[in-house]
Protein chains: 2
Amino acid sequence: MTTTKRPSSAVDAPDPPGRRRARKGEGDLLRDEILDAAERLLVEKGNKDSVTIRGVAKAVGVSAPSIYLHFADKEELLYETCRRVFDILNQRLMEAVGAGEGTVVERMIRAGRAYIAFGLEHPGQYVTLFGPGPADSAPLDLDDSDPGVQAFGLLVGLLEAGVESGELKSDTDVIAAAVAVWAAVHGTVYILISKRGIAEPVMTIDEEAVIETALSMMLDGLRA
Amino acid sequence: MTTTKRPSSAVDAPDPPGRRRARKGEGDLLRDEILDAAERLLVEKGNKDSVTIRGVAKAVGVSAPSIYLHFADKEELLYETCRRVFDILNQRLMEAVGAGEGTVVERMIRAGRAYIAFGLEHPGQYVTLFGPGPADSAPLDLDDSDPGVQAFGLLVGLLEAGVESGELKSDTDVIAAAVAVWAAVHGTVYILISKRGIAEPVMTIDEEAVIETALSMMLDGLRA
DNA sequence: AGCGATAACTGATCGCCGTTAAGTGAACGG
DNA sequence: CCGTTCACTTAACGGCGATCAGTTATCGCT
């Protein structure tokens, strides 16, 4: 016990090694610190399996079991971590769709570009949230606050508007089309993420060209 | 040591618990048994993290370290496991493309349907092979024997034929288009797999409708 | 100022994992 | 019959997610 004491003089060290215990009503402070650390580690490691409960705890400057005071298990921690950034995605999607107006097709293109760009900016969170979860994963009763549900609703609304205005094929099954469109942009994000930095199978992939091809392909196919 | 002996009388038990040691030149027998067991477990668990080296070893009736006599690590074991089934996919794709002839668009639709159907039939292997690997994953120098490279080459060839025959837009960047098409079918498979058996976000998804919508959307967008 | 209650957090431990090192015994060639 | 070699095992390491039984700091209250 030579150096380990911190009742006073605790403002210089930022946080990680020694952390001041939260005061009585402020237990939730730790929750946010945990989420921040988990997000930082997820971005840096790029892979959810490389983010460990123990690692997050050490980054926060706390013991591993403390995590469980705020999250039921690792899955919940990661979900909440990614959820925060996906709320930002929804914001961006709504901006892309709402601002500048234009035709439905133009708005969909903008939204698609925003979605893909966002996914490529946050690959760790993207594959964590949309990647394969445990096979036994609970029915995952998602409500309207779930960012995925919101984004899907936005897409369905857009397609409905397009059909109604005659801009899109009138016999479109909007639900099926929404899933198909989502699948196409999702696949684009996923493949571009996966292929980042691996030996190119045939040649270097021009990301921009792929994105624009995918988007125009999709929408030409939907147009009336 | 009451019941544990097996020098003789070893024909009744099939394999799992006690396994006859292979003879001198037949060490590779175990390799195939391991692959079979790994495939079985992967199909049954649906998730690569639920397939453990120890579990595979027990299923074969062998000790865990024996796996490492035939595979460098778990990743290699899983890769080889999935590779076997993806060779079958390539076969099916070539049948779909080659047989019955027809226009390029027709052949692409058949291939797309075959790809998606295959992915949905083998979800465990699909997400294992195409899902997120470790972030540090080696450049993965894939050669022409890799099923992914072969399938991609098939797709590129098809697109080139379509452009040449005037069936597809003449200004198509075939590489970018191939990636985009692959992304779209991949995304469709991935999303339909992920959404299997979870509480539907908006309503029940009609898989057939999604598949047909995705395929026609794609190809209408590519057509001249 | 002192004290019991309670919120916030820790140390020790469990059972599992992937992986490695060292050893054992059966099958073969000579 | 013997030594080598192949096929495999036992034991163990370090790290993982998770649990449980404490421990300590802060609070309201007298």
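A residue is taken to be near a molecule or strand if one of its heavy atoms lies within 4 Å of it. The structure is a predicted model, in which local features need pLDDT of at least 70, side-chain atom pairs count only at pLDDT 80 or more, and totals for chains, interfaces and linings use all residues. Residues are numbered from 1 along each chain as its sequence is written, chains are lettered from A and ligands numbered from 1 in the order in which they are written, and side-chain values use heavy atoms, with hydrogens and water left out.

Of the atoms of DNA strand D within 4 Å of the protein, 59% belong to sugar or phosphate, the rest being base atoms. Around this strand there are 26 residues, of which A:Arg54, B:Arg19, B:Lys24, B:Gly27 and B:Ser66 come nearest. By class, the surface near DNA strand D has 9 nonpolar, 5 polar and 12 charged residues, where Ala, Val, Leu, Ile, Met, Phe, Trp, Tyr, Cys and Pro count as nonpolar, Asp, Glu, Lys and Arg as charged, and the others, Gly among them, as polar. Polar contacts (pairs of N or O atoms within 3.5 Å) reach the bases of strand D from both chains: a polar side-chain atom of A:Arg21 lies 3.1 Å from a base oxygen, and a side-chain N or O atom of B:Arg21 lies 2.8 Å from a base nitrogen. The side chain of B:Ser66 instead places a polar atom 2.7 Å from a phosphate oxygen of DNA strand D.

DNA strand C is likewise surrounded by 26 residues, the closest being A:Gly27, A:Ser63, A:Ser66, B:Arg54 and B:Tyr68. Sugar and phosphate make up 55% of the atoms of this strand that come within 4 Å of the protein. A phosphate oxygen of DNA strand C lies 2.7 Å from a backbone N or O atom of A:Ser63, and a polar side-chain atom of A:Ser66 lies 2.7 Å from a phosphate oxygen of the strand.

Within chain B, the axes of helix H3 (residues 74-98) and helix H4 (residues 104-121) come within 8 Å and cross at roughly 155 degrees. Angles over 145 degrees count as roughly antiparallel, and H3(B) and H4(B) are therefore roughly antiparallel to each other. The contact (heavy atoms within 4.5 Å) involves, among others, B:Val85, B:Ile88 and B:Leu89 of H3(B) and B:Ala111, B:Ala114 and B:Phe118 of H4(B). By class, this contact has 10 nonpolar, no polar and 4 charged residues.

Note on methods:
Axes are lines fitted to C-alpha atoms, for helices over the stretch in contact, and angles run from 0 to 180 degrees between N-to-C directions. Helices (H or I, at least four residues) and strands (E, at least two) are DSSP runs, numbered from the N terminus. Angles under 35 degrees count as roughly parallel, over 145 as roughly antiparallel, 65 to 115 as roughly perpendicular and the rest as oblique. A polar contact is a pair of N or O atoms within 3.5 Å; within protein, one must be able to donate a hydrogen and the other to accept it, and residues adjacent in sequence count only if both atoms are side-chain atoms.
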